[in-house]
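Me: I am new to this structure and would love a close look at one small part of it. Could you start there and then show me what else is worth seeing?

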Amino acid sequence: NQNLVWTYQVSNPGVANAVNLAVTCQVDTEPAYDYVYVEYNLGGVWTIWNTGGYDGNRTFNFNETVTYQPGEYVGSNGDEVWLRIRFNSDGAWSDEDGLWDTNGACQIDDIVVTVGGTIVEEEDFESGTLGDWVPVQDPGVGDYAALYTNLQDIDP
């Protein structure tokens, strides 16, 4: 689980706001096993916008809207919008072991976020930075180190 997370503090959490995310993404994953999800957080619960996720080797243009109602904002003061793009892998047949070669899970570009009809984020990554998007690794990935016999390949 790897995430690219974006947060935004609204000026008045007592008012509903429509939040729109538009992004272009080139996905390159093992079909039916590794997925890219686009998600939003309402009231502390992450919800998948693109049910089923994106997999395989293709480009998609994502453009969806969700409405945050009062009480559904998140963050320590209950006044933030949280969005994320998440990659989830089954952990097998990866680039690291050479069994499923890709150019990385996804390449993201041309992000535009509007809140209440106003553009609050535009990122084309031309600066060479991630802008206001923060990479986050989910906790609980675990340590699965152990001795096993009869493995078919060597993993790092």
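Is Tyr8 buried, partly exposed or exposed, and at what relative accessibility?

Reply: Happy to look with you. This is a predicted model, in which local features need pLDDT of at least 70, side-chain atom pairs count only at pLDDT 80 or more, and totals for chains, interfaces and linings use all residues. Residues are numbered from 1 along each chain as its sequence is written, and side-chain values use heavy atoms, leaving out hydrogens and water.

Tyr8 has 27% relative accessibility, so Tyr8 counts as partly exposed (buried is under 20%, exposed over 50%, partly exposed in between, with a 1.4 Å probe and protein chains only). Trp6, by contrast, is at 1% and therefore counts as buried.

These two residues also meet through their rings. The model has eight aromatic pairs (ring centres of Phe, Tyr or Trp, its six-membered ring, within 6.5 Å; planes under 30 degrees apart are stacked, over 60 edge-to-face, the rest tilted). For Trp6 and Tyr8 the ring centres are 5.8 Å apart and the planes lie at 5°, so this pair is stacked. Trp133 joins Trp6 and Tyr8 in one aromatic cluster.

Another ring has a charged companion: Arg84 sits over the face of Trp46, 4.1 Å from the ring centre (NZ of Lys or CZ of Arg within 6 Å of the centre and within 35 degrees of the ring normal).

Now step back to the strands (DSSP runs of E, at least two residues, numbered from the N terminus; two of them pair with at least two bridges). Four strands make an open sheet in the order E5-E2-E7-E8, paired antiparallel. Strand E5 (57-68) and strand E8 (118-123) stand at the edges with a single partner each, so each has one side without a neighbour in the sheet. From one strand to the next, the twist averages 15° (between lines fitted to C-alpha atoms, on a 0 to 180 degrees scale of N-to-C directions).

Inside that sheet, strand E2 (residues 17-28) runs antiparallel to strand E7 (residues 106-115), and eight bridges join them. Among these bridges, Asn20 is matched with Thr114 of E7, and Val19 with Val115 of E7. E7 then pairs with E8, again antiparallel, over five bridges; one of them links Val113 to Glu121 of E8. The hairpin of E7 and E8 has two residues between its strands, and Gly116 there takes a positive phi near 60°.
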